[in-house]
Amino acid sequence: MARANRKVAGMSDPDALLERAREHCFLAGVGDVGEQLCAANMPYGIAKIHEAQRQLGHPADATFVGAPDATVTRNVKRWTQGFGYGGRIRWSGDFAVLDIKSNGCGMLVGTLPEVPEREELMERARTLVEDGLEVEGIPIEYDLDHGNHFLDVCETTSSEEEDAPPAYFVMHSSGHEHRDSSPFGCGIYYDADESLAARARIIETPWGTLSVLEGDDARWWYDVYMRVQRWNHARRAAIADALFDGWGEVINATHQGLTEMNAAHLGCYVFEDEELTDELVFPLTISADLPVYLVKPRANLSEDIAERAGFLERAEKHGVKDRVLGANLLPHGGGYRYPHFAEVEGVVEGGPDERRFRIRRTDGEVDELEHPRGQPYVYRGDEVLERMRALELGEPVVETSVRYVLR
């Protein structure tokens, strides 16, 4: 693995620190190139947070625990800063990390009395776009036709409940309303709002910079962010009100957000032990041609599973066992898979935040990529479901078939 000169005065060997950060990343997903890329990139983000912790006087204990759908992020800035997708990032210390770029994206699952006619639903969507909609006086930007956002209309095919509704919808939506500015105080993306960037402290590390907020600034930003996250929940419900009659909420859950100022989850669902009720289920949407599942979570990871996954000894060595056991996460979808790539062979470092990932293609040739955006991909299949079961994270209790997708 080629390396640039990254020595910083007064700092230990950067290679040793990066290896230590790698030992704070716990991944046990499907093992394909999508996850391999995540595993190759995440140590740089974790190493940066470790260095920030050292400079701010905290123990260097940041961790990443991956979900079965761990993969890449197609957000170039987030990727360049050293963060993948599909897991929980946690650290100690009175500071917030802006480079993770949490945005409150999530899914709303609702029951329906019947499967609505596609044309009727499309007409309601057209009316919604034409007439507009406001939540708390803030106009929403319709995004069900953007990127990987969608609305699945599903028919129930099997359920553990005898009185299960005949149909469900699953809405994947976030919006861009608060990223560059917000009436709640600031935009939530530091690279889109200059006023937020001006408050940040830039931490220099051997692997590039990290933008953080400390103390009162961090708590102020966390409050702004949580108002946005709650607004996104209300936003999804308002869109559902405009599209459906007689729907009932099953869950409105964030899979790209914060639970604390120093606890982020990217592309996975998280929960606390006290939330584990008979009614709690989360959606697992793999691809449009496979079933949509409602999954009952289990308290996870157990000590037995962590040991079998090879996590326990490392977690105990670094004093982060409590982050791994009881991680309490679930996959949110299939995640990206790259059929034309066979294996990630390593990382070529050109300097701070300059990394190229050496990937062997299925034809034997080797590519070097700075980031995966623009590469052809497909979504994974049932291997994510089977891996979720193998890790004893949760169990499907409702299976539905997608009748159609509103785009």
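1. Helix H2 is mostly covered in this predicted model, with 20 of its 24 residues counted as buried. Its length is consistent with its residue count, because at 1.5 Å a residue the 24 residues of H2 (residues 33-56) should span 34 Å, and the end C-alpha atoms are in fact 35 Å apart.

2. The agreement in span should be read together with a local irregularity, since H2 bends by about 30 degrees at Asn-41, and a proline, Pro-43, follows within four residues of that position.

3. Both ends of H2 deserve a look. At the N-terminal end, Asp-32 acts as a cap, with a side-chain oxygen 3.3 Å from the backbone nitrogen of Gly-34, while just after the helix Gly-57 adopts a positive phi of about 85 degrees.

4. Helix H4 (residues 118-131) packs with helix H6 (residues 215-243) at an angle of about 125 degrees, their axes lying 9 Å apart. An angle between 115 and 145 degrees falls outside the roughly perpendicular and roughly antiparallel ranges, and the two helices are therefore oblique to each other. On the H4 side the meeting residues are Leu-121, Arg-124, Ala-125 and Leu-128, and on the H6 side they are Ile-239, Ala-242 and Leu-243.

5. Beyond H6, Gly-246 sits in the loop that leads to strand S12 (248-260). Gly-246 has 61% relative accessibility and so counts as exposed, the cut-off being over 50%. Leaving aside residues up to four places away in sequence, Gly-246 touches Thr-111 and Pro-113, whereas Arg-179, 67 residues away in sequence, is 32 Å from Gly-246, C-alpha to C-alpha.

Conventions: Residues numbered from 1 in each chain as written. Predicted model: local features only at pLDDT ≥ 70, side-chain atom pairs only at ≥ 80, totals over all residues. Heavy atoms only, no water. Expected span 1.5 Å × (residues − 1). Bend = angle between axes of the 7 residues up to and from the residue. Buried < 20%, exposed > 50% of the residue type's maximum accessible area, 1.4 Å probe, protein only. Polar contact = N/O pair within 3.5 Å; in protein donor to acceptor, adjacent residues only side chain to side chain. Axes fitted to C-alpha atoms, helices over the stretch in contact; angles between N-to-C directions. Parallel < 35°, antiparallel > 145°, perpendicular 65-115°, else oblique. Contact = heavy atoms within 4.5 Å.
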